[in-house]
Amino acid sequence: MGPTAHNPLILLVSADAVDRDDLVGQLRAHCGEYRVMGAASLNEATDVLAHVAASGAGIALVISAHQLPDGAATELFGQLKSAAPGARRILLTTLDQADAALQAITQAQVDRYLVLPAYPLADRLLPIAEDLLEDWASQYRAIPVGVTVLGHRFAANSHVIKDYLTRSLIQFTWFDLSDDPEAQAMARELNLPTPAPTTVLFDDGRALFDPSITELAVALGLTEEATLDRYDLLVVGGGPAGLSAAVNAAGEGLTVCVIEDDCPGGQATSVVTRLEDQSGFPTGLTGADFAHRALAQARRLGVQWCSAKVADGLLPLRGSHRVTLTGGEVLVGKTVLIATGMSWRTLDAPGVAELTNAGVYYGATAAEAEQTDGEDVVVLGSGDAAAKAALKLAEHARSVVLSVPQSSLRQAPMSAELADLISAHGRISVHCGTEVGEVRGYGRLEKVVLIERSGGAAQVFPASSLFVLLGMVPSSDWVRDVVGLDELGFVLTGVEVSRRPELLPQAWAMDRPPLQMETSVPGVFAAGDVRAGSIKRIGAAITQGGVCVTAIGLYLQEHSLD
Ligand SMILES: Cc1cc2nc3c(=O)[nH]c(=O)nc-3n(C[C@H](O)[C@H](O)[C@H](O)COP(=O)(O)OP(=O)(O)OC[C@H]3O[C@@H](n4cnc5c(N)ncnc54)[C@H](O)[C@@H]3O)c2cc1C
């Protein structure tokens with residue numbers, strides 16, 4: 001079945017009937033899930049856009065010639081800003097109109113422009129259009145049904161579900177049972193018990209009560225089942241390193257499956273607000289944008305994406321390594337890539353386990369900061385991440401207590417610039433030489449007890465939230481007894497495997513030395529933050545994900561007869 005009036009729109013506006021018809025035909029052939037229409041003038045385009053907006057269908061992309069018989073494309077793009085702010089815009093211009101094009105770009109009215117004549121026009125235009133459409137789809141992802149979440153702000157599962165949906169770029173409506181009469185009426189209508197479970201309602205009538213992330217991912221079609229008995233490459237971890245390796249390997253024709261315990265992007269989605277140093281993205285992009293673009297690319301290349309599944313063990317066997325998942329599933333790969341990155345160091349203090357996600361949080365996202373309006377909060381940590389979190393929270397919270405283990409801010413590992421901002425901030429009080437001794441609360445966090453590291457004196461602070469940012473540790477426990485790790489738990493690879501035989505659970509078993517990024521188990525590789533000696537940056541993780549595919553290819557060649 002072809003696209004219908006409900007599919008998002010691509011509109012091509014040009015007075016040149018030959019070019020217009022040709023491009024409309026090519027766009028229809030390449031962008032099957034979009035409805036492609038043509039318009040010959042500004043007025044005609046305005047009518048089409050008004051009609052589509054009224055029907056509720058999305059407007060994904062408008063491509064317009066600069067000069068139209070009854071006006072300029074900039075007028076059309078100006079109208080679009082209010083009618084469909086997310087719609088992507090491409091301007092087709094000529095050299096003598098280049099000044100107008102540049103002005104439009106400066107005023108952020110167009111995303112890209114193409115100078116005509118460009119031969120063949122479709123070959124030049126289609127990659128730009130596809131790129132912008134992927135970008136649009138990652139933000140305005142059409143999921144088959146609307147999603148409503150009904151719960152309590154401080155219920156742990158409500159937090160986990162909202163956080164997962166947000167990072168998965170799924171739009172949802174949130175109803176807080178704590179203080180919203182409409183939410184309470186909905187709970188009565190649904191006959192929910194007291195206390196009510198976190199309830200996820202879908203517009204098609206389905207409802208999930210206190211679902212796990214796996215159940216939610218299945219219901220939303222965000223994960224798939226592995227279908228092959230054996231893959232050329234099993235990637236564990238769908239962060240920047242894992243996604244980059246999956247794309248590169250699938251591009252080389254390998255069969256690839258990615259196992260990810262959460263949503264795509266790893267730390268990039270949860271902590272990084274905007275990446276300014278990714279080449280090719282002049283205005284930067286968010287971690288979530290990056291992740292969803294990379295995932296769309298991977299899936300287009302045939303990568304299987306098994307998310308919301310946790311790898312808990314690795315059993316190396318000659319020619320086919322087995323990765324076990326919690327729940328008992330086993331996946332088999334000729335090669336395995338460990339790309340499980342790093343996660344927050346956990347806080348070990350009385351009360352923390354019971355109140356995690358019910359007021360005690362690891363890391364601090366912008367969404368969490370916005371929820372603390374007028375409240376008292378505590379931040380624990382002394383690095384740049386803790387300092388930035390404290391400053392962000394201070395934009396919303398009534399008071400922010402920053403607990404720093406070092407005896408002064410100058411000794412803390414945060415930048416001097418951040419330390420100055422913190423010291424000068426009227427709503428942040430810094431408590432150096434302290435640590436969290438205990439957290440208290442019934443069902444949700446109410447108080448944080450800070451104790452002095454030197455004398456043990458305790459001070460109690462009322463707090464709705466405690467944000468713990470005590471640094472990151474490698475997520476390598478699941479392979480601890482299988483591959484060689486350094487003293488801090490990072491995975492040894494390449495020459496480091498040969499250099500540190502005393503750290504290997506099993507001696508290196510091949511006549512040749514380990515390949516680049518190969519671990520102490522032949523055929524098992526590691527890339528990204530989890531790898532010993534790696535640079536802990538997104539760009540570095542992406543590069544390593546790409547580079548290790550060369551070594552994986554060499555290994556597969558070596559074992560092609562297995
Ligand atoms: C606060 C903070 C700010 C940062 N800011 C920047 C910045 O501005 N610019 C920059 O370049 N870098 C920044 N970084 C660093 C950057 O985010 C990391 O270097 C990068 O994300 C590493 O990518 P990765 O793929 O190796 O690992 P990760 O991003 O950690 O991804 C690993 C993935 O594996 C999954 N996983 C873990 N264990 C399992 C398992 N057992 N089974 C299945 N899946 C599993 C995780 O859920 C995760 O999705 C920042 C990091 C932090 C903490």
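In the predicted model, the hairpin formed by β24 and β25 has five residues between its strands, and within this hairpin Gly-456 adopts a positive phi near 85 degrees. The two strands, β24 covering residues 447–452 and β25 covering residues 458–462, run antiparallel and are joined by five bridges. One pairing can be given by residue, since Ile-451 has Ala-458 of β25 as its bridge partner.

At the level of the whole chain, the assignment gives domain 1 (9–139), domain 2 (147–219), domain 3, which consists of two segments (231–343 + 473–558), and domain 4 (352–470). The centres of domain 2 and domain 3, taken over C-alpha atoms, are separated by 33 Å. Where these two domains meet, seven residues of domain 2 and eight residues of domain 3 take part in the contact. On the side of domain 2 that touches domain 3, at least two residues each are supplied by α6 (156–167) and by α8 (213–219), and α8 gives the most to this side, with three residues. Sorted by class, the side of domain 2 that touches domain 3 comprises four nonpolar residues, two polar residues and one charged residue.

The ligand is surrounded by 34 residues, of which the closest are Gly-237, Gly-239, Gly-266, Gly-341 and Gly-528. Two or more residues of this shell come from each of the elements α9 (240–251), β13 (256–260), α10 (267–270) and α17 (538–558). By class, the shell around the ligand divides into 17 nonpolar residues, 11 polar residues and six charged residues.

Helix α9, which gives residues to the shell around the ligand, was also examined for its length and its surroundings. For its 12 residues, a rise of 1.5 Å a residue leads to an expected span of 16 Å, and the end C-alpha atoms of α9 are 16 Å apart, so the expected span and the modelled separation agree. With regard to burial, for which the criterion is 20 or more other C-beta atoms within 10 Å of a residue's own, 11 of the 12 residues of α9 are buried, and the helix is therefore largely enclosed by the rest of the structure. The buried residues are Pro-240, Ala-241, Gly-242, Leu-243, Ser-244, Ala-245, Ala-246, Val-247, Asn-248, Ala-249 and Ala-250. Just after α9, Gly-253 takes a positive phi of about 90 degrees.

Notes: Residues are numbered from 1 along each chain as its sequence is written. This is a predicted model: local features need pLDDT of at least 70, side-chain atom pairs count only at pLDDT 80 or more; totals for chains, interfaces and linings use all residues. Two strands pair if DSSP finds at least two bridges between them. Helices (H or I, at least four residues) and strands (E, at least two) are DSSP runs, numbered from the N terminus. A residue is near a molecule or strand if its C-beta atom, placed from the backbone, lies within 6 Å of it. Ala, Val, Leu, Ile, Met, Phe, Trp, Tyr, Cys and Pro count as nonpolar, Asp, Glu, Lys and Arg as charged, and the others, Gly among them, as polar. Domain bounds come from an automatic or database domain assignment. The expected span of a helix is 1.5 Å times one less than its number of residues.
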